[in-house]
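Please open the model in your viewer, with the sequence panel alongside, and follow the selections below in order.

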Amino acid sequence: MIVYYSGYGNSRWVAQTLADRLQERLAFLPDTSAEIALQDGEAIGFVFPVYAWAPPRLVLDFVRRMQLNRRPSHVWFACTCGDEGAFTRQVFSRALRKAGLNLDACFCLQMPETYIAFPGFALDTPANAQRKIDDVRNDLPRIVELISRRERQHFEMIWGLFPLTKTYVLQPLFYRFIITDRHFRVTDECIGCGRCAKECPLHNIRIEDQHPVWQGNCTHCMSCYHHCPKNAIHYARITQGKGQYYFKEE
Ligand SMILES: Cc1cc2nc3c(=O)[nH]c(=O)nc-3n(C[C@H](O)[C@H](O)[C@H](O)COP(=O)(O)O)c2cc1C
Ligand code: SF4
Ligand code: SF4
């Protein structure tokens with residue numbers, strides 16, 4: 001079984017491709033019960049984006065709540081990131097250990113950058129984004145092979161510079177001071193289509209009087225911003241002129 005979370009589609013594409021090739025069941029984490037019934041000999045894999053040099057907190061919360069009926073034959077994760085995962089493996093391994101599981105393998109895949117709600121952060125150029133997707137597409141068969149032969153003690157990660165500081169010092173600050181939906185605003189361009197609400201993985205947007213209203217349970221995935229057909233959503237003034245991206249199936 002593969003449990004995945006994805007804000008704007010990068011990790012969904014990776015999870016779907018892996019599930020197809022491994023012939024695994026796929027479950028979208030925000031809509032999945034934490035009680036998971038595994039079949040005899042079944043493995044469990046997790047696919048998620050890196051948020052602030054760690055797994056997203058909603059993924060860690062899920063692992064804490066997770067109840068498995070039996071021990072999986074193999075435990076792995078694949079994270080997608082714009083640049084680097086830093087100590088994502090250590091954080092996820094710790095959460096797994098608390099849930100009584102050991103990590104057997106992990107993979108880190110560079111996909112197009114999408115976090116733009118911070119001054120100075122920008123999207124990849126289209127050419128760079130496409131190069132990353134092509135590289136991952138070419139690498140996925142290798143990962144499928146390693147997972148299907150239940151490879152153990154196989155840990156791949158893109159560390160980047162100062163990983164310890166990023167994961168254990170900057171990440172808590174990021175959640176404390178930056179992750180909030182209070183600064184989202186909508187411009188007059190809004191046509192009330194409701195796509196932002198439909199695309200929010202946490203169901204955090206209600207459409208009232210044909211406009212989005214954020215409900216205070218946001219993980220800053222930026223899906224609402226990137227999917228708006230009128231580019232009418234902005235985060236304070238930071239996202240002005242930064243463009244939009246989401247993974248489009250070919
Ligand atoms: C809130 C947030 C934080 C992010 N933090 C990081 C990070 O620390 N390192 C990194 O390389 N990419 C980071 N990114 C980029 C994403 O990890 C990357 O674009 C990922 O592929 C998005 O996957 P998704 O489309 O499945 O949500 C961040 C993106 C968001 C939305
Ligand atoms: S997606 Fe954009 S245009 Fe549609 S309701 Fe949301 S803000 Fe308005
Ligand atoms: S409100 Fe927007 S940024 Fe926040 S979780 Fe929903 S889609 Fe993501």
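## A pair of helices, then the whole chain

Helices α2 and α3 cross each other in a right-handed sense. Bear in mind, as you look at this pair, that the model is a predicted one. To bring the crossing into view, select residues 57–65 for α2 and residues 88–98 for α3, and you will find that their axes come within 8 Å and cross at roughly 20°. Because angles under 35 degrees count as roughly parallel, α2 is described as roughly parallel to α3.

Next, show the side chains where the two helices touch: on the α2 side select Leu60, Val63 and Arg64, which meet Ala95, Leu96 and Lys98 of α3. If you colour this contact by residue class, four nonpolar and two charged residues appear, with no polar residue in the set.

Now clear the selection and display the whole protein as a cartoon, in which seven helices and twelve strands make up the secondary structure. Turning the C-alpha trace along its principal axes, you can follow spans of about 55 × 40 × 35 Å. The radius of gyration of the protein is 18 Å, which agrees with the value near 18 Å that a compact globule of 250 residues would have.

As a last step, colour the protein by burial, which should pick out as buried 35% of its 250 residues. If you then draw the contacts between residues with a separation of 6 or more, 75% of them join residues 24 or more positions apart.

Notes. Residues are numbered from 1 along each chain as its sequence is written. Chains are lettered from A and ligands numbered from 1 in the order in which they are written. This is a predicted model: local features need pLDDT of at least 70, side-chain atom pairs count only at pLDDT 80 or more; totals for chains, interfaces and linings use all residues. Helices (H or I, at least four residues) and strands (E, at least two) are DSSP runs, numbered from the N terminus. The radius of gyration is taken over C-alpha atoms; the globule rule is 2.2 Å times the number of residues to the power 0.38. A residue is buried if 20 or more other C-beta atoms lie within 10 Å of its own, exposed if 12 or fewer, and partly exposed in between; C-beta atoms are placed from the backbone. Two residues are in contact if their C-beta atoms, placed from the backbone, lie within 7 Å. Axes are lines fitted to C-alpha atoms, for helices over the stretch in contact, and angles run from 0 to 180 degrees between N-to-C directions. Angles under 35 degrees count as roughly parallel, over 145 as roughly antiparallel, 65 to 115 as roughly perpendicular and the rest as oblique. A crossing is left-handed if the near helix is turned anticlockwise from the far one by less than a right angle, and right-handed if clockwise. Ala, Val, Leu, Ile, Met, Phe, Trp, Tyr, Cys and Pro count as nonpolar, Asp, Glu, Lys and Arg as charged, and the others, Gly among them, as polar.
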